[in-house]
There are 2 protein chains.
Amino acid sequence: MKVISNQLYSGSLKTIVLKLLKEEGPVHGYALTRRVEEITDGKIKLTYGALYPILHKLEQEKAVVTTTGIHNNRTRVYYSLTPKGETVTVSKINELREFIESLQKIIEPQTGLNYA
Amino acid sequence: MKVISNQLYSGSLKTIVLKLLKEEGPVHGYALTRRVEEITDGKIKLTYGALYPILHKLEQEKAVVTTTGIHNNRTRVYYSLTPKGETVTVSKINELREFIESLQKIIEPQTGLNYA
DNA sequence: TGTTATATATAAGTAACTTTAATATACTAT
DNA sequence: ATAGTATATTAAAGTTACTTATATATAACA
């Protein structure tokens, strides 16, 4: 199982977190780390050291709110998007799409129209 | 013209530089910055502050060699890949492809086989 | 009893970047 | 003449989002 170097993906983690919050409703942090691993076959690691600063910053920015619930006798923190967070997520995902397009233009110059 | 946030692409710059060196033979630094801007419609900026540390490090690692030439009465430094650099480039591009695939899995869950 | 999975959080340290500045020639426009 | 833009290379201070390490705690499994 080949792991992608964190240098490559670390800048995308915030967008990934936003996207998962949007798709998978109120989630707790641990679940987010597992989902990323699951979706990417372990190629991208969302560590706690990366995740919690991202979540706390999003909360500060009013893009995310937290609710708490009890699970197995322990308090669990659930994160979800605010309306503002939804808007931020949409624009972040659009940015990520443009990024992917630009990367593809660089690494696969044969694709696309070659009228130049 | 929408610019992609540098946080998103900065980790990919080394791979981008390697790819351009591979495709466009001996090139000087300034030309690399313009090519990236050209290919990505200005969405990705390869600044000198990012470029030269990357080139110097690749040179240290024996992935890149320099030759000099005179252009307009000034010495110009041309960078090109060594055989080792070619190998590094191939594996870096494969890594970037896997990265793009992982991102697509996250942002476009509808694509691909949905047997799960 | 030890290990793995679940679950959250903080903090020191790093490294690749951004920003800024310095230097210099050639060309274009006013 | 002079200012601005394009070409061309480099160094260095500063930032910041991350990595790595650590702490804490319950539940399940072997």
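**Notes on two protein chains and two DNA strands**

1. By class, the surface near DNA strand D has eight nonpolar, ten polar and five charged residues. Here near means that one of a residue's heavy atoms lies within 4 Å of the molecule or strand. As for the classes, Ala, Val, Leu, Ile, Met, Phe, Trp, Tyr, Cys and Pro go down as nonpolar, Asp, Glu, Lys and Arg as charged, and the others, Gly among them, as polar.

2. Before going on: this is a predicted model, where local features need pLDDT of at least 70 and side-chain atom pairs count only at pLDDT 80 or more, while totals for chains, interfaces and linings use all residues. Residues are numbered from 1 along each chain as its sequence is written, chains are lettered from A and ligands numbered from 1 in the order in which they are written, and side-chain values use heavy atoms, with hydrogens and water left out.

3. Back to strand D. Both chains reach it: A:S10, A:G49, B:Y30, B:Y52 and B:R76 come nearest of the 23 residues around it. Helix 4 (48-60) of chain A, plus helix 3 (29-39), helix 4 (48-60) and strand 3 (74-81) of chain B, each supply at least two residues of that surface. Helices (H or I, at least four residues) and strands (E, at least two) are DSSP runs, numbered from the N terminus.

4. Sugar or phosphate accounts for 73% of the strand D atoms within 4 Å of the protein, and bases for the rest. For polar contacts (N or O pairs within 3.5 Å; within protein, one atom must be able to donate a hydrogen and the other to accept it, and residues adjacent in sequence count only if both atoms are side-chain atoms), look at A:S10, where a backbone N or O atom lies 2.3 Å from a phosphate oxygen of strand D. A polar side-chain atom of B:Y52 sits 3.3 Å from a phosphate oxygen of this strand, and B:V77 uses a polar backbone atom at 3.1 Å.

5. Now strand C, with 25 residues around it, of which A:Y30, A:R76, A:Y79, B:S10 and B:G49 come nearest. The classes are seven nonpolar, 13 polar and five charged. Sugar or phosphate makes up 71% of the strand C atoms within 4 Å of the protein. A backbone N or O atom of B:S10 lies 2.3 Å from a phosphate oxygen of strand C, and the side chain of A:R34 has an N or O atom 3.3 Å from one.

6. On to the protein interface: 31 residues from chain A and 31 from chain B are in contact (heavy atoms within 4.5 Å). The buried area, meaning accessible area (1.4 Å probe) lost on putting the two parts together and summed over both, is about 3,500 Å², with carbon and sulfur atoms giving 66%. In chain A, A:L8, A:I106 and A:I107 lose the most, together 21% of what that side buries.

7. Six salt bridges cross this interface (Lys or Arg side-chain nitrogen within 4 Å of an Asp or Glu carboxyl oxygen). One of them pairs B:D41 with A:K105 at 3.2 Å, N to O. The count of residue pairs in polar contact is eight. Helix 5 (83-107) is among the contributing elements of chain A, and gives the most to its side, with 13 residues.

8. Which phi does A:D41 have, although it is not a glycine? A positive one, of about 55 degrees, in the loop between helix 3 and helix 4 of chain A. B:K62 has a positive phi too, of about 65 degrees.
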